[in-house]
Amino acid sequence: MRHGRRLAPALRSGDGSRTAVLRRRRLAAVVLPQDGEAFGSWLERCACDQGVPAGIAAISLGIPLRTGRGDVYPRFFGILLTGPAQTEAALATGLSVETLRAMHLARFSGTALDLAGLNIDDERSVQPVANREWALFHASRACPPCLSESGGAWKLWWRLGSAAVCPAHRLLLVDTCAACGIRLRRGYQGRPRGLSMVAPPDPLVCGNHTSAGRCSQQLADLPATPVPHSLVAAQLRVLNAAFGQECSIGGAPVTPATWLHTLRYLAAFVRFAATDEEVADACTDDPYILEEFLAEREAREKVRAGSPAVLSQMPATAGRAAALLAMADRVLRAPDNQGALASLRPLAQAAANRRRADRHNPLRALAPPRLLAGLLAQVTPTASRVAGRAVLATAQRPRDLEFRHIPHVVPLGDYLSFIAPQVKQGAAIKGQQLTALALARLIGANSWADAASRIGTNRRTAVVVADRAVRRVLDPPAFWTAVLALAQAMADRGLTDYAARRTALAGIMTVPAHVLQLSSGCVTDERRRHAAAWVWQRLTAGDVREAPSYSSWPAAGASLREGYRRFLGRLTPDTSAALLAWGGQLLEGERSQ
């Protein structure tokens, strides 16, 4: 509705009385706001209609301002109207306070946005909130056909970080001007613009500031990418939640805030875990959106890719927001609990695989909503990496394999042949010890500690080793299949009673001097102890640190390891053969008694 073109002369009058000021402010409401229009857009259209700069129109409404560089900067512009400004703006425009509030981002507080921490007495409080929330506080996305049809009315929801698609035209929203490359309605590349006190605005022209002057790009002419119906449906579900309508996840009713919190957590989950193939499948109808998502992933890999803040930040473009919506919508649109679980399961498995590979879980710092946490608990592989053991049928395991046949440290050759391909590269000894414990679990041990007790190794050490080594397992089911194959190979070539060997050699503290012939140096008591430990380790496949000859030795750990290392350096093939023959005689003697 128009009320004439008298705003500019009225503002230029010299009458500064309170009555005159309010009278001329009332003339500012020359255009009624369109449904869902943003406050800044409406103010520009009012100023354009009156032929005055937007800064003059803002002054006429009594909006709190600060000046700078020739422009005026409304405080919390487009975010909220504070205190007396609401009453004065309502009086000046003839619009209700509720209508004015609904034109600001605060409209979405409690649903799509959490404005906690925003201090109306301190403009600096905006930045921490802007860094945390999914909203464009100083810019906007846009649909060119919508702008053309409405005469330049910018919708408020275009400023949400989850805004990706125009449902009316089935187009991807535009982020930046094709001519100047600056975000729409940003103003300058490096900072937001103020409201001009000189030039009247044109809501259908870019107007961003460049080194060559204001950008004259016609916004209605900006190219936009068509999107499939599935993305339109996903966007409508987001908007329903943002505007406070009823929501559900897996058939269970949730609040709009919980629904949108779930969307943001799923977006972080997708960024962390989704494979390129999964994203390509979700974006099969739009290769541009897939390219946007992959570009974001590449950028994240360069800077703090595993940071919770990076995973949870607002999508930088409408294309990236669309890719995240497409992935998250598979869970959010599920009609029942089973459908939600089926959609979550591949993501949960992918996340578990990446956690094992990276040995890092940034999602731990992001708390999921309670309902989603319950769903994830049902599909997330256990952190102990024992998942997969239960699928191995008991009848498959070698019938004759018993705990006494399991070494404390699986021989290196067996580990390299069967297990190493399923474990991330690292110290082989830890993998050999883990494999021994896994063999015990395969035939009935209920935990790593129980496995250590069953095969007679140190419980505390074994649990620490297992807890660290399992993080290197790449594929748990494949790992347990390899353990089963190793057990079968052990049975096929003949089982060794390692427990009996440990019993037979439990008393050897030193090796006789005549048996130990080193290539250099004299045969000392210390070297005879190291030789006894070597014989025990070779014949029992145990951890040399648990050798009986070291049990009563007061030497410190580092000193002991260095002495053993020097001993190995002096060991010759002939001496090795003599030591093994001597140990074999001890075993034969034990068996003959």
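A cavity here is a set of grid points where a 1.4 Å probe fits but cannot get out, and its lining residues have an atom within 4 Å of a point. By that rule, A112, W134, S162, L260, L263 and R264 line the second largest cavity of this structure. Keep in mind that you are looking at a predicted model. The chain has 593 residues, and 50% of them are buried. Here's a quick tour, starting with the whole chain and then moving on to its spaces, its cysteines and two unusual backbone angles.

**The chain as a whole**

- If you count up the secondary structure, you get 26 helices and eight strands.
- Among contacts with a separation of 6 or more, 70% are between residues 24 or more positions apart in the chain.
- The chain exposes about 26,900 Å², and 52% of that comes from carbon and sulfur atoms.

**Closed spaces: the cavities**

- Searching the whole structure turns up three cavities of 30 Å³ or more.
- The largest cavity holds about 110 Å³ of space.
- Two elements give two or more residues to the lining of the largest cavity: α18 (428-442) and α20 (459-469).
- Of these, α20 has the largest share of that lining, with three residues.
- The full lining of the largest cavity is H408, V409, Q433, L437, I455, T457, N458, T461, A462, V465, D543 and E546.
- Sorted by class, those residues of the largest cavity come out as five nonpolar, five polar and two charged.
- The second largest cavity, the one from the opening, has about 50 Å³ of space.
- Its lining has four nonpolar residues, one polar and one charged; W134 and R264 are among the residues found there.

**Open spaces: the pockets**

- The largest pocket has a volume of about 690 Å³.
- There are 28 residues lining the largest pocket, and F77, F137, H138, P192 and R193 are the closest to its centre.
- Three elements give two or more residues to the lining of the largest pocket, namely α3 (39-50), β2 (71-74) and α7 (126-132).
- The biggest giver to the largest pocket is α3, which supplies three residues.
- By class, the lining of the largest pocket splits into 12 nonpolar, seven polar and nine charged residues.
- The second largest pocket comes in at about 520 Å³.
- Its lining is made of 22 residues, with A130, N131, A135, R183 and M314 nearest the centre of this second pocket.
- Helix α7 turns up again here: α7 and α12 (287-302) each supply at least two residues to the lining of the second largest pocket.
- That second lining contains 11 nonpolar, four polar and seven charged residues.

**Cysteines**

- A disulfide is a covalent bond between the sulfur atoms of two cysteines.
- How many disulfides does this model have? The count comes to zero.
- C146 is in no disulfide, and the nearest cysteine sulfur, that of C166, is 3.6 Å away. A disulfide needs a pair of cysteine sulfur atoms within 2.5 Å, so this pair doesn't make the cut.
- C146 counts as buried, because its relative accessibility is 11% and the cut-off for buried is under 20%.
- C215 is in no disulfide either; the nearest cysteine sulfur belongs to C177 and is 3.7 Å away.
- C215 is buried too, with a relative accessible area of 8%.

**Two residues with a positive phi**

- Most residues other than glycine have a negative phi, and that's the background for the next two cases.
- R170 isn't a glycine, yet its phi is positive, at about 55°.
- You'll find R170 in the loop between β3 (165-166) and β4 (171-172).
- Is R170 buried or exposed? R170 falls in between: it is partly exposed, with a relative accessible area of 32%.
- A541 is another residue other than glycine with a positive phi, near 55°.
- A541 sits in the loop between α23 (525-540) and α24 (548-551).
- A541 is buried, with a relative accessible area of 9%.

Terms used. Residues are numbered from 1 along each chain as its sequence is written. This is a predicted model: local features need pLDDT of at least 70, side-chain atom pairs count only at pLDDT 80 or more; totals for chains, interfaces and linings use all residues. Side-chain values use heavy atoms; hydrogens and water are left out. On a 1 Å grid over the protein atoms alone, a cavity is a set of points where a 1.4 Å probe fits but cannot get out, and a pocket is an open set with protein on both sides within 12 Å along at least five of seven lines; lining residues have an atom within 4 Å of a point. Grid points are joined across faces, edges and corners, and a volume is the space filled by probe spheres set on the points. Helices (H or I, at least four residues) and strands (E, at least two) are DSSP runs, numbered from the N terminus. Ala, Val, Leu, Ile, Met, Phe, Trp, Tyr, Cys and Pro count as nonpolar, Asp, Glu, Lys and Arg as charged, and the others, Gly among them, as polar. Buried means under 20% relative accessible area, exposed over 50%, partly exposed in between (1.4 Å probe, protein chains only). Contact means heavy atoms within 4.5 Å. Accessible areas come from the Shrake-Rupley method with a 1.4 Å probe; for residues, only the protein chains shown count as cover.
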